[in-house]
Every structure is written in C-alpha cells, then in structure tokens.
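Please find below a colleague's note on the model, set out as numbered points.

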Amino acid sequence: MSAGTEILPAPSAARTEPDPLTHWRAVLARMGEAATAAGRDPSDVNLVAVSKQQPWEAIAPVLTAGQRVFGENRVQEAAARWAEPCTAIPDLELRLIGPLQSNKAVDAVALFDVIETLDRPSLAAALAKAIQKAGRAPRLYVQINTGEEPQKAGALPAEADAFIAAARRDYGFKIEGLMCIPPASEPAGPHFALLRKIAARNGVQRLSMGMSGDFGTAIRFGATSVRVGSAVFGARG
Ligand SMILES: *Cc1c(COP(=O)(O)O)cnc(C)c1O
C-alpha cells in the first residue's frame, strides 16, 4: 500500500446506504453456519437471491461477485430486468417465486429456469401446453399453503399428494421440489416440518423454504434452497 492510499477511508466506511455485497457474504456465511450446526453439508443449501422490486444498483454487485440464482415474483418485471443478462450470462438461473396466472404461462416458460409456484390443476395444464409449444421446460416446484391461509397461493396440505400424483401422471412432470411461505404470524418451524413430511411421502427431493427472517430455521428443517431478499439487498422500495 502506498503512503497516499493509507489515509483514505475505505469506500464502504463512507457509505450510509446498505452494502449488498457485504450483506450477501454475511448471508452466505450464516447459511453455512446453520448447515454445519445441523450436521449438513453447506454445499447442499443454495441461496436464491430475491431481487424483486430492487434497484439494479443493488443487484449488479452481487451478480458480479458470482451470485447466479435469482428469484422474482412477477413475470413482466422479471422479463424487463433479466432478458438481457440471461443471454449474456449462460449459467444465470431465474426462479419464479410469485403466483402465476395461467394466461402468463407462455411468458413464464420462456423466461424462467425454475417455477416454484405450481399449485393447481388449471396451471399445470397451462404450463404443460406452454412447455410443449416452447420446447423448453422449466424445473417445477409445487407450492404448498402449509398455513391454509385463504389469501395465500399454494395447494392445501390435504390435497398435495393427489395434486403431485396428477401432475406426474397427466403431464409427465418431474416435480423437483416443494415450496412454502409460512404465515407471518406463526413460528415457521412446524410449517417447514410439514413441508418436509409432504415431500418425503411423495418422493420429492428438494425443499424451497426460509426467507430473510427464518432461513437458519429452514436449513435446520432441511431446506435445500432459501429465498432471501431484504437481508441481501435491503428493504424493498
Ligand atoms: C419476497 C419473497 C421472499 C423474500 O423475502 P425477504 O423477507 O425479503 O427475504 C421470499 N419468498 C417469496 C415467495 C417472496 O415473495
């Protein structure tokens, strides 16, 4: 280091806004600690960085630093933001984590590598049709409404087995995983345990569960991917 640079403050010290890169590294470290504490291999848990409603200035440094899996909850917003980066960065993986209307199935199939919110027969039919037309098949997760909240998307726990079986039988879907969003007002652990139980009895391998506030708990309950937004990028606008 030259004498001249020694007296300059580190760039991050002068910043008051959140620093996504620092937060991203901290989240990865906490994920690793949670996995190790649970006796799991840290490499078995992936970070889905939830970039919905975040400014590109917050996303770009994390993308540059090597984050490759991003979650979005709206098809149009995601397409506007990611269509170009997707062609430039072949190993970028985009995941739809928000509810999907059947009339957007074609656009969703064209853009996303993973759709985590398959939750009803009409959407399964629309996706099957879109996949056949596009000659491109996103990997699929079934969303389960573990808290049985009326306003929330997801198949009900009692309907999950039949729905998964029908999706496999009627469309040949390979269901990669299950996803849930526990009720905000309840401890998340029992919901994560329920999702794991439904996955186990249906022979489904992967679990998308855990967000900024509870990803450590989710990893303890077997999450294979966590969806973390605000803890990486800061509060949404
Ligand atoms: C927004 C969102 C997240 C991320 O939430 P944070 O609390 O910001 O980490 C995760 N999953 C889903 C389905 C979301 O819609």
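The points below cover the basis of the model, the ligand site and the aromatic pairs.

1. This is a predicted model, in which local features need pLDDT of at least 70, side-chain atom pairs count only at pLDDT 80 or more, and totals for chains, interfaces and linings use all residues. Residues are numbered from 1 along each chain as its sequence is written, and side-chain values use heavy atoms, with hydrogens and water left out.

2. The ligand is surrounded by V50, K52, I97, M179, I181, M211, S212, R227, V228, G229, S230 and R236 (a heavy atom within 4 Å). By class, this shell has 6 nonpolar, 3 polar and 3 charged residues (Ala, Val, Leu, Ile, Met, Phe, Trp, Tyr, Cys and Pro count as nonpolar, Asp, Glu, Lys and Arg as charged, and the others, Gly among them, as polar).

3. Polar contacts to the ligand (pairs of N or O atoms within 3.5 Å) include one from the side chain of K52, whose N or O atom is 2.7 Å from a ligand oxygen. A polar side-chain atom of R227 lies 2.8 Å from a ligand nitrogen, and a polar backbone atom of S230 is 2.8 Å from a ligand oxygen. The protein buries 89% of the 390 Å² that the ligand exposes when taken alone (Shrake-Rupley method, 1.4 Å probe).

4. There are 4 aromatic pairs in the structure (ring centres of Phe, Tyr and Trp, the last by its six-membered ring, within 6.5 Å; planes under 30 degrees apart are stacked, over 60 edge-to-face, the rest tilted). The W56 and W82 rings have centres 5.3 Å apart and planes at 70 degrees, so this pair is edge-to-face.

Technical notes: Polar contact = N/O pair within 3.5 Å; in protein donor to acceptor, adjacent residues only side chain to side chain.
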